[in-house]
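Here is a quick tour of the contacts and charges in one protein chain. Have the viewer ready and click along as you read.

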Amino acid sequence: MTDSATTPRPSSPLATAQAQLADAVQILGYDEGMHRMLATPRREMNVAVPLRRDTGEIELFTGYRVQHNISRGPGKGGLRYSASVDPDEVRALAMWMTWKCAVVDVPYGGAKGGVTIDPRLYSQSELERVTRRYTSEIMPIIGPERDIMAPDIGTNEQTMAWIMDTYSVNLGYTIPAVTTGKPLTVGGSLGRPTATSRGVVHAAEAALGDAGVRLDEVSVAVQGFGKVGAPAARILAESGARVVAVSDEHGGVRASDGLDVPALLRHVADGGAVHEFEGGEAVDNAELLSLDVDVLIPAAVEGVIDADTARQVKARWVVEGANGPTTTEGDAALAERGVVVVPDILANAGGVVVSYFEWVQANQAYWWTENEIAERLEHRMLASYRAVASLAHAEGVSLRDAALTIGVRRVAEAHKIRGLYP
Ligand code: NAD
């Protein structure tokens, strides 16, 4: 794989994603042609997104949508708003979505979108205009049967409602299934806001269980206190785990006897910063990753566990709430030290599982109860974990290699059985 188009910066998320794919291709014994097909995005769209600010000035952003693979079904993946979004990051995230959907066997391919905007610096009406313009620019390639968006860093339920509305108004009727992670009032699903976090906790519980350890016996540190990290910390604390540290991008807070997570959630909901919470001592993000805890949950951004950081990690289990938090070198260093890594494409797949449930419900216009969703999510997460862990055990490979092998094989089988057109 030496094309300039497919050669990313070393240590970038795309370099990590491609190194992981290369490992899986080697395990599966696929040839170079199949490798190239699996490594290359099927379709990409880059658009200019001009914004008229509330002051009247014009600013210009770039928007991306990458459909990495659509062989098993429509593209599926989040939309990220961040000033640092770049095409290679979106390509990596889209590729991970492909394997993730295949690992948990939902009938989707993988996609991802991004807009180069820091949403914290703009008003709600400015964000609405940016979202509607981006949506209308990428209209030709999205839709319930083509590519379905969901929230990611910097976007939320409101963003999904604006996308759904823009798409629907353009076509002249209401099409809830074009996004997932929407508000309940416009066809969202019960259980979706906490689905990724619940899935992370199911994955953690299953991995601990393989070592005969229960959640209520462990200490946990969570990096990232957003849509994934905050509910994960709450659910872990409710399950009896001792949540001893959490952080956001500004730093964190620690308490060796366990943080009062509900009080911390109230503090943050009232506008407080995580590191200013009075129920513990301040801790910075580097320290948090090296705390003496049983379980570490990176739930923030890519690439935070590199070779250097990995050597400082004292946790026995790393459960990846974020996408791509561990670099290839970081992964090798963790493996050398016997740390069990529950990989992102399995650990954080609860979000896409309930997104799939939301899409199924929207397509049928028939809504399930919260219990039905929770039970089906748990079943899907545990069945997927079991399949991955069994393969890892049988082949003597890591959980990451096993998960990738299952995901990549399912996608390659779809390619083979569909054949090449013409
Ligand atoms: P979010 O924007 O809601 O929260 C991100 C959190 O990370 C915030 O607390 C932010 O302050 C913190 N953060 C940012 N940079 C940081 C840094 N350098 N160090 C420490 N903390 C930092 O985003 P989210 O939806 O919770 O997504 C978090 C991760 O989970 C991303 O990798 C995302 O792709 C992945 N993910 C999200 C979902 C979902 O359903 N939202 C599903 C699967 C995977």
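Which residues form one aromatic cluster? They are Tyr-108, Tyr-356, Phe-357, Trp-359 and Trp-368. Keep in mind that this is a predicted model, so every value below is computed from it.

**Aromatic pairs**

Searching the whole structure turns up six aromatic pairs. One of them joins Phe-61 and Tyr-122 edge-to-face, with 5.6 Å from centre to centre and 85 degrees between the planes. Phe-61 sits in strand β2 (residues 58-69), while Tyr-122 is in the loop between β4 (110-115) and α4 (124-138), so this pair ties together parts that are 61 residues apart in sequence. Are these two rings buried or exposed? Both Phe-61 and Tyr-122 are buried.

Back in the cluster, Tyr-108 and Tyr-356 also pair edge-to-face, at 5.9 Å centre to centre with 90 degrees between the planes. Here the link spans 248 residues: Tyr-108 is in the loop between α3 (87-103) and β4, and Tyr-356 is in helix α13 (residues 350-364). Tyr-108 has a relative accessible area of 0%, so it is buried. Tyr-356 comes out at 17% relative accessibility, and it counts as buried because the cut-off is under 20%.

**Salt bridges**

How many salt bridges does a search of the whole structure find? The count is 26. Three of them are worth a click:

| Salt bridge | Closest N to O |
|---|---|
| Glu-32 and Arg-36 | 3.8 Å |
| Arg-214 and Asp-216 | 2.9 Å |
| Arg-400 and Asp-331 | 2.7 Å |

Take Glu-32 and Arg-36 to begin with. They are four residues apart in helix α2, so about one helical turn separates them. Glu-32 is partly exposed, with a relative accessible area of 42%, and Arg-36 is partly exposed too, at 30% relative accessibility.

For the bridge between Arg-214 and Asp-216, the acidic partner Asp-216 counts as partly exposed at 41% relative accessibility.

The side chains of Arg-400 and Asp-331 meet in a salt bridge as well. Why does this pair tie together parts that are 69 residues apart in sequence? Because Arg-400 lies in helix α15 (residues 399-418) and Asp-331 in helix α11 (residues 328-336). Arg-400 is buried, with a relative accessible area of 4%.

There is also a network of salt bridges, which links Arg-80, Glu-89, Lys-112, Asp-152 and Glu-302.

**Charge on the surface**

Now colour the surface by charge. Arg-42, Arg-43, Arg-146 and Arg-418 make up a positive surface patch. Of these, Arg-42 is placed in the loop between α2 (32-39) and β1 (43-52).

Negative charge gathers in a surface patch made of Glu-205, Glu-372, Glu-375 and Glu-378. Which helix gives the most to the negative patch? That would be helix α14 (residues 370-395), with three residues. Glu-205 belongs to helix α6 (residues 195-210), and at 40% relative accessibility Glu-205 counts as partly exposed.

**One last stop**

Leu-171 is in helix α5 (residues 157-171). At 42% relative accessibility, Leu-171 counts as partly exposed. Its C-alpha is 10.0 Å from the C-alpha of Met-139, with the two positions 32 residues apart in sequence numbering.

Methods. Residues are numbered from 1 along each chain as its sequence is written. This is a predicted model: local features need pLDDT of at least 70, side-chain atom pairs count only at pLDDT 80 or more; totals for chains, interfaces and linings use all residues. Side-chain values use heavy atoms; hydrogens and water are left out. Patches are made of residues with over 30% relative accessible area and no salt bridge: like charges are joined within 9 Å, nonpolar side chains (Val, Leu, Ile, Met, Phe, Trp, Tyr) within 5 Å. Accessible areas come from the Shrake-Rupley method with a 1.4 Å probe; for residues, only the protein chains shown count as cover. A salt bridge is a side-chain nitrogen of Lys or Arg within 4 Å of a carboxyl oxygen of Asp or Glu. Lys and Arg count as positive and Asp and Glu as negative; His and the chain ends are not counted. The place of a charge is taken as NZ of Lys, CZ of Arg, CG of Asp or CD of Glu. Helices (H or I, at least four residues) and strands (E, at least two) are DSSP runs, numbered from the N terminus. Rings of Phe, Tyr and Trp (its six-membered ring) pair if their centres lie within 6.5 Å; planes under 30 degrees apart count as stacked, over 60 as edge-to-face and the rest as tilted. Buried means under 20% relative accessible area, exposed over 50%, partly exposed in between (1.4 Å probe, protein chains only).
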